[in-house]
Amino acid sequence: MSQKNERILSYLLKSIKYPGKQQITSCLSRRDTSVKKYASFKHEEKDLTAFLIFSTLAILGALLTVTARNPIYSVLFLAMTFLQISGLYALLQAEFIAIVQIAVYAGAIMVLFLFVVMFLDVKEIATEKNFHPIAPVCLILALVLLGEFLVFIFYKPSREGGLSETVTAVGQIYGTAENIGRTLFSQYLLPFEVASILLLMAIVGAVVLAKR
Amino acid sequence: MMNPYIPVLILALFSALIAGGLLLLTSILGPKRLTKAKLEPFESGVQPLQTSVVRIPVKFYIVAILFILFDIEIIFLFPWATVFRELGVFGFVEMIIFLLMLVAGLVYAWKKGALEWE
Amino acid sequence: MRNFVDQLVNNYEFLETFPRPLLYLIAMVAASAIILGFIAILVMFFVWLERKVAGHMQDRYGPMEVGRHGWLQSIADGIKLFLKEDIIPALADKPLFVIAPIIVFVGAFSAFVVVPFSENLIVADLNIGIFYILAVSSLTVIGIIMAGWSSNNKWALYGAMRSAAQIISYEIPVGIALLAAVLPAGSLSMRDIVLAQSGGFWNWFIFRNPPFGFVACIIYFVAALAEVNRTPFDIPEAESELVAGYHTEYSGMRFAFFFLAEYANMFLVGTIVTTLFLGGWEFPIFPSAFAFLNPIIFVLKGIALVFVMMWLRWTLPRLRVDQLMYVSWKVLLPFAFACLFGVSAWMLLLHSA
């Protein structure tokens, strides 16, 4: 990291140390010059290559997840997809999220899925080929999601500094565990506490369901 | 500016290559005298009665889901721990509220006997 | 890593002719090779040590034939395993059966990326170091379930399920106990955590915030023992009921990878305890005077902890499955919560005073 970038980063860090809500939102929406400067710092070519590799593998994994006959294979391909997505997060300097992606999705949730697949005897599902009646609804939802993504991709708020660059810059500011802690305990305090209630409800729900 | 995760990737790929290479070598170098008995599932030397996948009990499911929930809680704890000094009493109180919820969940699961492994 | 290469280029001018990224790449591959080779040799030493420790604790010698006091035994065993027949059971799911040991192996070894052998002897000092290890070790579970399921053998499957349930149950106390070291250090980076304990053994986190640092260290150590499936938590591979657990069907080199991974994980636990609670690479007293010994001290601390694990294995009987779950959810977890509360309250009191 060059000295200039370091200086800008330290300035930004200072500015979000006591993040009033306004300061952060203005920093993001108004794109004040420092962010822009930092964001315009040139992307290295290898980042693009890495992005292409990770995203191709992620899409491949997702396709294999859907098409695999054996549910165990589906789960494992899904785990692979999650690993690739974690690589994408690491590219965006969102290192904490990248590791959370591995620990929670590729680790914990995949283990639960594997348990569930084994709990519902595998071979019964493996031979079933019919589409579920809910498939059209899924298709509509998928199309809506695709539309949203397209809007995101083609809508550029301003000429200079497209979406991806801003995202990278924000990641470099917020990506570490420290900064996530700071924002969590200032701007997102209420969601954080509400999350605990959600977790409590999930525990109760799991216990009630399993005891049946 | 180099992404610090490149070494992680390289080490993972490198060890995967080493492992794969060694496995390939051993399959080339090793003897090949496969017999029917060797390829059967191990059952202490007798004919296996049942080899197919056995349905696993529901208790595994509940352990897994409790794990996910507490894992998410730990993920909230890590950023908190790194900035604990800055947050001071405020952070302490907020985290106690958060933890009390989860401890309540743990107590509930305990009382309902979900933590028994019968 | 990058700094090291830059320094090297400054010292040796002929390196200037090569493109810098290539040099970085070579340096990183070399570092990976060194780490991998070092851990592999250490693991072979541990296998020998385990047999010696077991032998002497039971009033016998252990391996004596190959080399003086059998010190070459592991190498002989390694060559033997390497030249064994490559067997994939007919009923096994071939692709998963082949990939599973590789995943477990890669998971065990890639965790060493963040282990700080000394202040600069570290492959990558990630900002989230310790959290990275937590994540990588949770990936091992997937490999174990893959191995158990693809073997198509009920013992392997039962062993894998038990192993997975055990690892994930003990992951929770592990995560919370680690916080007892993260809190006073205020960082997740392994290097920062060690630096926060510098200046003599009284600064080590095991003695910090008494008695909570100590209790957290014990909780971590016990839970980590369970995570690496060591006695008294080796139910998943209880020979008397499950043959050999998830690797029942594995033989030859594939089995060797599971074995290597198990011992590598033991050393990993040793290094984590060393880094987080026992001052890392520092000598207990007058650390600056012994700075040149740092990597050796670090490894010695790790080996000492691995020895403790072996000692426990040959001392304690195996727990029952229900006791296993009891220890994790009803003993370690509440104590870990209490510890977390204690450490943070203690830190608040000291800081406000």
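Two residues are in contact if their C-beta atoms, placed from the backbone, lie within 7 Å. The exercises below use a predicted model.

**Exercise 1. Surroundings of Gly279(C)**

Task: Find where Gly279(C) sits, decide whether Gly279(C) is buried or exposed, and list its contacts beyond its neighbours within four places in sequence.

Solution:
- Step 1. Gly279(C) belongs to the loop that joins helix 10 (252–277) and helix 11 (294–313) of chain C.
- Step 2. Count the other C-beta atoms within 10 Å of Gly279(C): there are 28. A residue is buried if that count is 20 or more, so Gly279(C) is buried.
- Step 3. With neighbours within four places in sequence set aside, the contacts of Gly279(C) are Val194(C), Gln197(C), Phe201(C) and Trp204(C).
- Step 4. Take Val194(C) from that list: 85 residues separate Val194(C) from Gly279(C) in sequence, while their C-alpha atoms are 5.7 Å apart in space.

**Exercise 2. Helix 11 of chain C**

Task: Compare the reach of helix 11 of chain C with the expected value, then state which of its residues are buried and what they pack against.

Solution:
- Step 1. Helix 11 of chain C has 20 residues, and 28 Å is expected at 1.5 Å a residue.
- Step 2. From first C-alpha to last, the helix reaches 29 Å, which is close to that expected value.
- Step 3. The buried residues of helix 11 of chain C are Asn294(C), Ile297(C), Phe298(C), Lys301(C), Gly302(C), Leu305(C), Val306(C), Met309(C) and Met310(C).
- Step 4. An α-helix has 3.6 residues a turn, so residues three or four places apart point the same way.
- Step 5. The partners of these buried residues are helix 2, helix 8 (212–227) and helix 10 of chain C.

**Exercise 3. Two domains of chain C**

Task: Describe how domain 1 of chain C meets domain 2 of chain C.

Solution:
- Step 1. Domain 1 of chain C covers 1–83 and domain 2 covers 86–352.
- Step 2. Their C-alpha centres are 20 Å apart.
- Step 3. Domain 1 of chain C puts 17 residues into the contact, and domain 2 of chain C puts in 16.
- Step 4. On the side of domain 1, the elements giving two or more residues are helix 2 (20–57) and helix 3 (73–82) of chain C. Helix 2 of chain C has the largest share, with 14 residues.
- Step 5. By class, this side of domain 1 has 16 nonpolar residues, no polar ones and one charged.

**Exercise 4. Chain A against chain B**

Task: Describe the contact between chain A and chain B, then classify the packing of helix 10 of chain A on helix 3 of chain B.

Solution:
- Step 1. Chain B has four helices and zero strands, and 37% of its 118 residues are buried.
- Step 2. The contact involves 39 residues of chain A and 39 residues of chain B. Helix 11 of chain A gives the most to the chain A side, 14 residues. That side holds 31 nonpolar, two polar and six charged residues.
- Step 3. Helix 10 (residues 177–184) of chain A and helix 3 (residues 58–82) of chain B have axes 7 Å apart, at an angle of about 95°. Angles from 65 to 115 degrees count as roughly perpendicular, so this pair is roughly perpendicular.
- Step 4. Helix 10 of chain A makes the contact through Ala177(A), Glu178(A), Ile180(A), Gly181(A) and Leu184(A), and helix 3 of chain B through Phe78(B), Pro79(B), Trp80(B) and Thr82(B).
- Step 5. These residues comprise six nonpolar, two polar and one charged.

Methods
Residues are numbered from 1 along each chain as its sequence is written. Chains are lettered from A and ligands numbered from 1 in the order in which they are written. This is a predicted model: local features need pLDDT of at least 70, side-chain atom pairs count only at pLDDT 80 or more; totals for chains, interfaces and linings use all residues. Axes are lines fitted to C-alpha atoms, for helices over the stretch in contact, and angles run from 0 to 180 degrees between N-to-C directions. Angles under 35 degrees count as roughly parallel, over 145 as roughly antiparallel, 65 to 115 as roughly perpendicular and the rest as oblique. Ala, Val, Leu, Ile, Met, Phe, Trp, Tyr, Cys and Pro count as nonpolar, Asp, Glu, Lys and Arg as charged, and the others, Gly among them, as polar. Domain bounds come from an automatic or database domain assignment. A residue is buried if 20 or more other C-beta atoms lie within 10 Å of its own, exposed if 12 or fewer, and partly exposed in between; C-beta atoms are placed from the backbone. The expected span of a helix is 1.5 Å times one less than its number of residues.
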